[in-house]
Amino acid sequence: ALFSHATEGPCNTPKPGVFDLINKAKWDAWNALGSLPKETARQNYVDLVSGLSSSSDSSSQVKPEADRKQPGYETLVVTSEDSITKIMMNRPAKKNAMTTQMYNEIMLALKAASKDDSAITVLTGNGDYYSSGNDLSNFTDIPPEGIEEKAKSSAILLRDFVDCFIDFPKPLIAVVNGPAVGISVTILGLFDTVYASNRATFHTPFSHLGQSPEGCSSYTFPKIMGPAKAAEMLIFGKKLTAAEACAQGLVTEVFPDSTFQKEVWTRLKAYSKLPPNAMRISKQVIRNREKEKLHAINAEESRVLQERWLSDECTNAVMNFLTRKAKL
């Protein structure tokens, strides 16, 4: 507008039609300058361009992520940019294994993201793994009150964690950058979209550890992939490749690992420009009729797991697993 005013004077062209959004916006900006003298418009234009240039030069001296990174997280990196809140699990040396602290921090991050200005929210992992599931310390860190109290508090934590995904109001996207195990797989049925690298795998070895499904997967997986395929994963612990997970409906699309980040984030930035309220309402229409059922299933899965954690079968299976791990 300033450039047009500086070179041509006050707005002198017909007003574009109401559906010609770009040209109408340009015309409105130019017309708003009224009878501003051309010299003043020229000087304002020079000042504006000079200011933008110096701002660009100074901003290039700092890492952009430093400003966007939200404080207060030790196991995550949470950033907001381009109307996208990204929650990145950040324990790459431990394959993003989920500790009690990470469970709590993900819940905090989801609650904050549900109220911030972002249009969509993304969960991903830092490093080679998306997440290797529960950290081994979750099984060995027994409080003074005993194993019964540990099982009870763990079941409550799990139920609250999964409830956050059930209730999340905005489009929720999983960007699965590598292998995923356990709880990081089972909650995928609660996401709106799941993008995976072709290097990703999906593994739910519950029976191997004397445990049972969680994350509402006892309901979402049979619904998504059919009872027989779901049983192979949830009962027999079959590990799926990204291509198999996509063919069975758990994954939306698979990308070559070499171009995964570029292709996915280009797409997500385009999605983030869609009208945010329309996306929220569409998700509400799609998801709301099952919310009550999902909460009930989550509560039942958590109750059953609490019993499993106290069983001799589960204790022996976990101890055998830990022993094998120690020998490796």
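# Working through the strands, helices and rings

Leucine 76 has methionine 89 as its bridge partner in E2. That pairing comes from a predicted model, and the exercises below start from there.

**Exercise 1. Work out how E1 and E2 are paired and what sits between them.**

Solution. Start with the strands themselves: E1 and E2 run antiparallel to each other, and 6 bridges hold the pairing. The bridge from leucine 76 to methionine 89 in E2 is one to look for on screen. Next, check the connection: E1 and E2 make a hairpin, with 2 residues between them. In that turn, aspartate 82 has a positive phi of about 55°.

**Exercise 2. Place E1 in its sheet, then find the helix that packs on that sheet.**

Solution. First, read the strand order. The sheet is open and has 6 strands, ordered E1-E2-E3-E4-E6-E9, and its pairing is mixed. Now look at the borders: strand E1 (76-81) and E9 are the edge strands, each pairing on one side only. On average, neighbouring strands here are turned by 20° against each other, direction ignored.

Then move to the E9 end. E6 and E9 pair in the parallel sense, over 3 bridges. Serine 197 finds its bridge partner in E9, namely phenylalanine 255. Finally, the helix: H12 (residues 260-271) packs on the sheet and touches strands E2 (84-89), E3 (120-125) and E4 (172-176), along with E6 and E9. The direction of H12 makes about 160° with that of E6.

**Exercise 3. Describe the sheet that contains E5, E7 and E8.**

Solution. Begin with the order again: these 3 strands form an open sheet, E5-E7-E8, with mixed pairing. At its edges are strand E5 (180-181) and strand E8 (240-241), each of which pairs on one side only. Strand E7 (residues 201-203) pairs with E8 in the antiparallel sense over 2 bridges. For a bridge to look up, take phenylalanine 202, whose partner in E8 is leucine 240.

**Exercise 4. Sort out the geometry of the aromatic pairs Phe161 with Phe165 and Tyr195 with Phe255.**

Solution. You need two quantities, as a pair of aromatic rings is described by the distance of the centres and the angle of the planes. The structure has 5 aromatic pairs in total. For phenylalanine 161 and phenylalanine 165, the centres are 5.1 Å apart and the planes are at 65°, an edge-to-face pair. The two residues are 4 apart in helix H7 (residues 147-167), so about one helical turn separates them. Phenylalanine 161 and phenylalanine 165 are both buried.

Now the second pair. The ring centres of tyrosine 195 and phenylalanine 255 are 5.6 Å apart with planes at 85°, so this one is edge-to-face. Tyrosine 195 belongs to strand E6 (residues 193-197) and phenylalanine 255 to strand E9 (residues 253-255), so the pair ties together parts 60 residues apart in sequence. Tyrosine 195 and phenylalanine 255 are buried. One last step: ring pairs also join Tyr103, Phe161, Phe165 and Phe191 into a cluster.

**Exercise 5. Decide whether methionine 279 is buried or exposed, and list what it touches.**

Solution. Locate the residue first: methionine 279 is in helix H13 (residues 276-309). Buried means under 20% relative accessible area. Methionine 279 has 15% relative accessibility, so it counts as buried. Leaving out residues up to four places away in sequence, methionine 279 touches Ala119, Ile120, Pro171, Tyr271 and Leu274. Lysine 170 is another residue to check: its C-alpha is 7.2 Å from that of methionine 279, though they are 109 residues apart in sequence.

**Exercise 6. Compare the span of helix H2 with the expected one, then look just past its end.**

Solution. Helix H2 (residues 21-32) has 12 residues. From first C-alpha to last it reaches 16 Å, close to the 16 Å expected at 1.5 Å a residue. Just after H2 comes glycine 34, with a positive phi of about 55°.

**Exercise 7. Judge how spread out the whole protein is.**

Solution. Take stock of the parts: there are 14 helices and 9 strands. The radius of gyration is 25 Å, well over the 20 Å that the globule rule gives for 328 residues, so the protein is more spread out than a compact globule. Along the principal axes, the C-alpha trace spans about 85 × 40 × 40 Å. Of the 328 residues, 42% are buried. As for contacts with a separation of 6 or more, 72% involve residues 24 or more positions apart.

Conventions: Residues are numbered from 1 along each chain as its sequence is written. This is a predicted model: local features need pLDDT of at least 70, side-chain atom pairs count only at pLDDT 80 or more; totals for chains, interfaces and linings use all residues. Side-chain values use heavy atoms; hydrogens and water are left out. Rings of Phe, Tyr and Trp (its six-membered ring) pair if their centres lie within 6.5 Å; planes under 30 degrees apart count as stacked, over 60 as edge-to-face and the rest as tilted. Buried means under 20% relative accessible area, exposed over 50%, partly exposed in between (1.4 Å probe, protein chains only). Two strands pair if DSSP finds at least two bridges between them. The expected span of a helix is 1.5 Å times one less than its number of residues. Axes are lines fitted to C-alpha atoms, for helices over the stretch in contact, and angles run from 0 to 180 degrees between N-to-C directions. Contact means heavy atoms within 4.5 Å. The radius of gyration is taken over C-alpha atoms; the globule rule is 2.2 Å times the number of residues to the power 0.38.
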